[in-house]
Amino acid sequence: MWASSRYIVIMSFAAMIALVRGFIAAGILDLPSFGLYATIVAVGMFSSALVSFGEIERTIKTFPRLWVVERHRRSVVDRADESAWVMILRAATLFVFLLTCTFVDAIRSLAQTGMFVALIALSAASSSLYASAIRATGDVELLARNTLFRALIVLVFGLSGAYYFSWQGAILGDVSGAIVGVLITRYSVLGKMTLPDVNDKHIRKNDGIPPPPDRDLWLFFAGLLASAPVYLDRAFVAS
């Protein structure tokens with residue numbers, strides 16, 4: 001009961017930090033810059049589902065099942081890393097395509113904005129992926145603490161970037177803070193492991209664990225449809 005109360009308090013504080021960061025950013029940036037910043041963040045958060053394309057949804061059942069068997073716990077991080085590389089490849093492909101489009105005068109501005117959207121999408125998807133790994137451990141307080149740390153890091157990096165480099169700096173600061181948060185989360189999961197046989201060559205990484213079912217993609221499409229009115233409406237209002 002007390003652990004649940006601490007979880008609620010810490011998560012509420014993290015949400016409050018994110019809200020305060022938005023208010024401070026609005027004070028630092030001029031109105032057009034803040035509108036563009038808020039639009040890019042909203043569209044980027046929605047696009048994170050497209051970057052993941054079901055990678056995160058597959059972890060809902062797979063990660064807890066792996067964590068239950070002690071010798072498979074390392075597979076939680078391994079699978080998270082594999083999914084992260086898949087998402088990085090997708091985002092990088094999109095980023096390079098948009099970078100190429102910047103050489104076309106008619107769509108240069110749109111392509112440059114799209115590059116920032118791709119960065120936000122990748123950082124948000126990566127954060128959700130490794131947060132799923134922490135949830136598999138069952139330690140909700142660890143999840144809350146990492147969420148709070150990430151919120152504080154993004155607060156410092158994002159506002160510093162906004163102060164010195166306008167909305168572009170704010171975006172890059174948010175992305176940098178999210179990456180640091182992902183690394184902290186990853187090593188937090190590693191710290192929860194007790195694997196005396198983790199290097200045993202006779203134990204295969206996914207031994208006895210069936211691959212995730214294709215129907216997990218339905219969870220992806222459901223989440224995509226549910227997030228559309230939340231983030232795209234926010235982008236419309238901000239613009």
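What share of the contacts in the protein chain with a separation of 6 or more is accounted for by residues 24 or more positions apart? In this predicted model, such residues account for 80% of those contacts. The protein chain contains seven helices and zero strands, so that, as the definition of these elements has it, the order from the N terminus on reads α-α-α-α-α-α-α. Of the 239 residues in the chain, 46% are buried, and the area that the chain exposes comes to about 13100 Å², of which 69% is supplied by carbon and sulfur atoms.

Helix H3, which spans residues 59-68, has Thr59, Thr62, Phe63, Leu66 and Trp67 among its residues, and these five names are those of buried positions. Viewed down the axis of H3, the buried residues fall within an arc of 125° and therefore line one face of the helix, whereas Ile60 and Val68, on the other side of H3, are exposed. The cover over the buried residues of H3 includes helix H4 (73-101), helix H5 (108-137) and helix H6 (140-191).

Helix H6 also packs against helix H2 (residues 31-52), at an angle of about 30° and with the two axes 9 Å apart. Because angles under 35 degrees count as roughly parallel, H2 and H6 are described as roughly parallel to each other, and the crossing in which H2 passes H6 is right-handed. On the side of H2 the contact is made by Ser33, Leu36, Tyr37, Ile40 and Val41, and on the side of H6 by Ser166, Trp167, Ala170, Ile171 and Asp174.

Technical notes:
Residues numbered from 1 in each chain as written. Predicted model: local features only at pLDDT ≥ 70, side-chain atom pairs only at ≥ 80, totals over all residues. Heavy atoms only, no water. Helix = DSSP H or I, 4+ residues; strand = E, 2+ residues; numbered from the N terminus. Buried < 20%, exposed > 50% of the residue type's maximum accessible area, 1.4 Å probe, protein only. Contact = heavy atoms within 4.5 Å. Areas by Shrake-Rupley, 256 points an atom, 1.4 Å probe, with all protein chains shown as cover. Arc of directions from axis to C-beta. Axes fitted to C-alpha atoms, helices over the stretch in contact; angles between N-to-C directions. Parallel < 35°, antiparallel > 145°, perpendicular 65-115°, else oblique. Left-handed = near helix turned anticlockwise from the far one by under 90°.
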